[in-house]
Amino acid sequence: MNHTTDFLLTNAIVLTMDKNLTQFEPGAVAVSGDSILAVGPEDELRQQVQARETIDCQGKVLMPGLINAHTHVPMTLLRGLADDLRLDVWLLGYMMPVERRFVSPDFVRLGTLLGCIEMIRSGVTCFADMYYYEEEVARVTAEVGMRALCAQTVLKFHSPDAESFEESLAAAREFIQRWKGHELIEPAVGPHSPYTCTEEILRATAELAVEFDVPLHTHLAETAQEVENSRQDHDMPVIPYVKKQNLFDAKVLAAHCVHVDDGEIHTLMHHGAGVAHNPSSNLKLASGTAPVKKMLETGLNVGIGTDGPASNNDLDMFEEVRLAALLAKNATNDPTSVPAPVALTMATRLGAHALHLGHLTGSLEPGKRADLILVEIDGLHNIPHFRRDANGVYAQLVYAAKSTDVSDVMVNGRWLMRNHSLLTLDETDLRKQAQDYARQIDAFLIEREQSVISKLIAIGGATEAESFEVQVKAHISDSTPILAALEKPEIEILYSRHYHEYDSYFLFEDPDQGSLRYREDEYIDPDGNVSDIRYRLTLIGQEQEQRYPNNALLSRSRYLAPAAHSLRFYREYFNPTKEISIEKDRLRWRVLFKGTEFYINLDRLDKPELGYFVEVKSRTWSRRDAEHKAEVATDLIQFLGATPDEIITKDYSTLAYS
Ligand SMILES: [Zn+2]
């Protein structure tokens with residue numbers, strides 16, 4: 001037989017990465033149009049094939065292009081923005097606020113261009129992305145000529161490209177409709193993660209993926225905290241929870257899966273889900289180590305991904321493959337875990353299957369698309385070569401080769417790089433454009449970091465409402481007179497409550513910033529049990545608006561919000577110069593006195609032990625009303641038998657501090 005073909009690549013160590021890890025040396029690959037026509041020993045192919053162009057590979061390794069199984073390519077522009085932080089502080093404190101402000105189609109276009117250059121140079125021919133304005137990622141990737149699974153993000157927050165989840169879901173639908181059937185782009189939907197989505201979003205995105213038979217790309221079980229929260233909120237870990245939302249009706253590509261047990265691995269396997277293992281990201285964010293060996297033994301398709309370049313901080317798959325092999329050995333105390341051929345299979349054939357693109361790419365086999373790379377193995381860092389063991393070449397690639405050893409890249413039968421030169425991309429101006437973004441983002445963050453309130457707003461934690469607060473406070477030696485006074489007919493009790501309160505005050509270098517109070521309110525029921533807990537975050541303005549006779553105090557500028565994150569999160573995000581902890585037992589009454597409503601707080605300070613205090617408080621939105629209340633408040637505290645203190649402290653933190 002004699003076929004005519006476009007290219008015949010000869011004189012190579014051909015690693016097919018097929019099921020049997022077939023090698024040919026010297027081997028050859030025939031490429032016809034966008035596909036591989038034949039793979040085999042060089043002399044056989046020379047006889048079978050008539051090529052328009054024969055290319056001498058000069059003894060390099062010829063193998064399938066690497067599959068980056070999970071990334072957020074446009075985040076190249078956020079590389080190095082915030083590092084060495086915990087996932088929630090990094091994501092909710094930095095990435096998301098900056099993304100909401102800066103991510104635009106232009107940002108995504110530029111970031112994708114940079115990412116594609118970096119990936120082509122390091123031998124990646126296909127990647128799985130998830131970001132905003134995925135349309136731009138798809139467009140740039142197709143122009144450049146790479147293959148990608150592009151997932152349009154859907155999440156419960158308002159995002160850079162959508163005001164609501166309904167809007168982003170509609171955008172995902174249109175995106176899928178536009179790109180479905182494209183030769184290079186596999187469109188997908190990307191519900192960001194169970195903790196940034198609602199049940200409704202998970203169900204709706206799964207339905208969308210099933211409707212169009214496209215993959216669903218998401219993050220699952222990345223941190224122990226995520227699993228713990230899932231157990232608390234839904235009474236089950238992450239995998240059963242998303243299964244319950246029908247997520248696995250879709251062709252799922254799940255990034256991370258660090259904290260999954262044997263049963264969950266079987267669930268993933270049973271539903272044909274692919275997993276993207278992200279060694280650098282998991283190491284850098286200290287998320288833990290995914291049970292990769294177990295997953296592979298179970299038969300899961302586990303690919304390897306770089307994750308976004310803001311959490312890695314690069315898109316270097318050679319480094320990632322090496323780490324995957326090393327990490328598995330360390331995690332299992334077994335140097336035979338994830339040997340080099342397996343690690344490389346994860347980065348090629350298994351990765352393609354994880355993306356649900358295994359029928360198209362991931363190995364050099366006739367009929368598959370011509371997605372291939374040439375790797376030089378004669379660099380000083382990679383000699384000599386032992387040929388006694390056929391697996392030696394995999395070890396060379398995994399443990400010694402560098403991404404810069406990749407010299408040539410072909411995707412879909414088209415050369416994207418020849419002899420280290422990019423053919424479909426122009427790097428001119430890209431550096432300057434990237435630096436322009438960095439300058440703007442720097443300025444934005446510098447301004448934000450200067451003010452506690454703007455940092456609070458950046459994480460969606462403030463409902464800004466200017467109000468006036470009237471307060472009179474007295475230190476008392478005994479609570480009995482207060483309780484007796486409350487029985488008198490002049491005071492009408494509207495309701496009463498009992499709390500244990502745990503307050504953490506964050507103080508800052510600049511006192512004008514005010515202080516931030518994180519309060520855990522334990523509501524104690526009449527039987528003395530904790531029946532409810534709520535968390536509140538309050539920014540307390542420092543300035544005293546006015547001081548009245550009898551030490552009544554008028555203050556304003558308090559910002560209140562429910563605390564959605566942990567104390568630890570706020571501590572790391574706000575980075576206060578000083579922190580004060582206060583614990584107290586509080587009896588609180590809402591009362592009517594002389595026709596005016598007040599709160600009376602009877603506090604016993606347990607930490608530090610400062611004794612009893614009585615406070616009369618009222619909050620209002622009118623200054624005039626506040627002035628009137630200030631007068632009545634001093635009457636009330638005197639009626640209670642207490643003498644307002646000379647030193648009025650707005651908060652116990654001041655007392656504890658002095
Ligand atoms: Zn990710």
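This report walks through a predicted model of one protein chain with a zinc ion.

## The chain as a whole

Let's start with the overall layout. The chain runs to 658 residues, and 57% of them count as buried. Its secondary structure comes to 21 helices and 27 strands. If you're setting up a box, the C-alpha trace spans about 110 × 50 × 50 Å along its principal axes.

Sequence-distant pairs do a lot of the touching here. Take the contacts with a separation of 6 or more: 72% of them are between residues 24 or more positions apart.

## Surface and charge

About 26,900 Å² of the chain is exposed, with carbon and sulfur atoms supplying 48% of that area.

As for charges, there are 98 negative side chains and 65 positive ones. The centres of those two sets sit 1 Å apart.

## The zinc site

Now for the metal. Three histidines and an aspartate hold the zinc ion: H70, H72 and H219 each coordinate through NE2, and D307 does so through OD, with distances of 2.1 to 2.3 Å. Along the chain, these donors follow the spacing H-x1-H-x146-H-x87-D. H72 is in the loop between β6 (66-71) and α2 (87-102), while D307 is in the loop between β13 (301-304) and α12 (317-332), so this pair ties together parts that are 235 residues apart in sequence.

What is the geometry of the site of the zinc ion? It is irregular, with angles of 89 to 172 degrees among the four donor atoms. Tetrahedral would need all angles between 85 and 135 degrees, so the upper end of that range rules it out. For reference, ideal angles for four tetrahedral donors are 109.5 degrees.

Are the donors H72 and D307 buried or exposed? H72 has a relative accessibility of 9%, so H72 counts as buried. D307 also counts as buried, because its relative accessibility is 5%.

## Backbone oddities

Most residues other than glycine have a negative phi, and most peptide bonds are trans. A few places in this model go the other way.

Two cis peptide bonds are worth a look. One runs from N312 to N313, with omega near 10 degrees, and N313 is in the loop between β13 and α12. That is also the loop that holds the zinc donor D307. The other cis bond joins K607 and P608, with omega about -5 degrees; P608 is in the loop between β26 (596-607) and β27 (611-620).

Then there are the positive phi values. A221, not a glycine, has a phi of about 50 degrees. Its place is the loop between β10 (215-220) and α7 (224-234), and A221 counts as buried because its relative accessibility is 0%. V338 has a phi near 40 degrees, again positive in a residue other than glycine. You'll find V338 in the loop between α12 and α13 (340-346). With a relative accessible area of 4%, V338 is buried too.

## A look at L45

One more residue to click on is L45, in helix α1 (residues 42-48). Its relative accessibility is 2%, so L45 counts as buried. Leaving aside residues up to four places away in sequence, L45 touches L8, A28, V29, A30, A38, V39 and G40.

How far apart in space are L45 and L560? The C-alpha to C-alpha distance is 74 Å, and the two residues are 515 residues apart in sequence.

Terms used. Residues numbered from 1 in each chain as written. Predicted model: local features only at pLDDT ≥ 70, side-chain atom pairs only at ≥ 80, totals over all residues. Heavy atoms only, no water. Donors = N, O, S within 2.8 Å, 3.2 Å for Na, K, Ca; no water. Tetrahedral: all angles 85-135°; square planar, octahedral: opposite > 155°, others 65-115°. Helix = DSSP H or I, 4+ residues; strand = E, 2+ residues; numbered from the N terminus. Buried < 20%, exposed > 50% of the residue type's maximum accessible area, 1.4 Å probe, protein only. Contact = heavy atoms within 4.5 Å. Areas by Shrake-Rupley, 256 points an atom, 1.4 Å probe, with all protein chains shown as cover. Lys, Arg positive; Asp, Glu negative; His and termini not counted. Charge placed at Lys NZ, Arg CZ, Asp CG, Glu CD.
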